[in-house]
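Colleague: Hey, got a minute? Could you walk me through this model?

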Amino acid sequence: MAMLPSRTVLLAGGPASLSRFRGALVASVLGDCVGGEFEGAEEVPMDRVLQHLNGLDDESRGDGILQYSDDTAMTRCVVQSLLTRAGFDERDMAGRFAVEYSQSPGRGYGGGVIHVLRKLASPNLSDVFQPARAQFSGRGSFGNGGAMRAAPFALAFSKLVDIKRYSRLGAMLTHSCSLGYNGAVLQALAVHLSLHGALEQPDDFVRKLLLEMEEVEGEDVARSDARVLNEPEFPFCKRLHKVQDLMERNNVSIEEVISELGNGIAALHSVPTAIFCVLHCLEPREGLPEHYGGLERTMAYSLALGGDTDTIACMAGAIAGAHYGIDAIPQIWQRCCEGAEVADINAERLHTLYHQALTKGDSGTDSQPHSHSSTQPSN
């Protein structure tokens, strides 16, 4: 099991403040819940999106609650495992995934991951990474299921090396193709940088992501997977360069964003898209209400892209929430979303654990992280 590493304590109210922790987890749930309305739609006019979001403020709608999907269900498993084990424990996390699915299978899980979760439930399973490795004739999944639940790793670990390592391992429990688990690494890195104020300088934010992902995608396995799947070398870096190009254009249509970045269930076609949504909505945009803040703009824009709206909005919400903090999320939106209150409580618990580890480090106690397993899983 990996213990939480140490780092210099940061002042409350600034980077890594409780507000940012709460914003990240609650906005992730928000994106999942509000995004379900348009999941799979090819075209979502912005007026329909705004009608949907404005309807959350309508007191006449009654006590209707927007339900969360597998995105939030599995994220909660990650959080509970990290909190319970005070670090990463793959057997504990895998077990929680299996139990959560068995107790609530109607959350919209994909067919591929269902097979993995059923195998993870076996008491005789010795290698919890094996079911994911066996998928798709041994090629593994490159979907965004690992990325959608990656945000908690940025809230549990302070060092980039740990965030990259454990977000990757956490994703590999269900997605063993590098184009799947590296998407989770990118998402966790984006939340981490946002949590620490990097979005104040958007160009630097993207450059830092590129720097980290160049190292991540430079591994032989990643380059081999890219070739097998007919993708360019360093596929996520390639997408991040496209994000940079889109940021430099004065007018970018939604059609261009979908064409250049994608809006599908593959991690490659959704994680960079979520990052762009956040960056694009840092400033007011034509077609979005003037009274909307950055997080509200991010949510609306994510939904207007169509496709895998719940997951893209979930990931964009985590990044944006880590930047803007909890006060940027309208109270009425929070009240309409199943699981928002639990996410808020979990964020506070993670924040406490995180800063306890930092304080111990300042007093000279520096735990070296180590995985529960003795070896890294093979691909």
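Modeller: Sure, one definition to start: axes are lines fitted to C-alpha atoms, for helices over the stretch in contact, and angles run from 0 to 180 degrees between N-to-C directions. Also, this is a predicted model, where local features need pLDDT of at least 70, side-chain atom pairs count only at pLDDT 80 or more, and totals for chains, interfaces and linings use all residues. Residues are numbered from 1 along each chain as its sequence is written, and side-chain values use heavy atoms, leaving out hydrogens and water.

Colleague: OK, at what angle do H9 and H14 pack?

Modeller: About 20°, and their axes are 9 Å apart. That makes H9 roughly parallel to H14 (angles under 35 degrees count as that).

Colleague: Which residues in H9 meet H14?

Modeller: Gly 183, Leu 186, Gln 187 and Ala 190, and in H14 they meet Val 271, Pro 272 and Ile 275. Contact here means heavy atoms within 4.5 Å.

Colleague: New topic: where is Ser 176 found?

Modeller: Ser 176 sits in the loop between helix H8 (160-172) and helix H9 (178-195). Helices are DSSP runs of H or I with at least four residues, numbered from the N terminus.

Colleague: And is Ser 176 buried or exposed?

Modeller: Ser 176 counts as buried because its relative accessibility is 3% (buried is under 20% relative accessible area, exposed over 50%, with a 1.4 Å probe and protein chains only).

Colleague: What does the side chain of Ser 176 reach?

Modeller: The backbone oxygen of Ala 132, at 3.2 Å.

Colleague: How much of the protein chain is buried?

Modeller: Of its 379 residues, 58% count as buried.

Definitions and conventions
Helices (H or I, at least four residues) and strands (E, at least two) are DSSP runs, numbered from the N terminus. A polar contact is a pair of N or O atoms within 3.5 Å; within protein, one must be able to donate a hydrogen and the other to accept it, and residues adjacent in sequence count only if both atoms are side-chain atoms. Angles under 35 degrees count as roughly parallel, over 145 as roughly antiparallel, 65 to 115 as roughly perpendicular and the rest as oblique.
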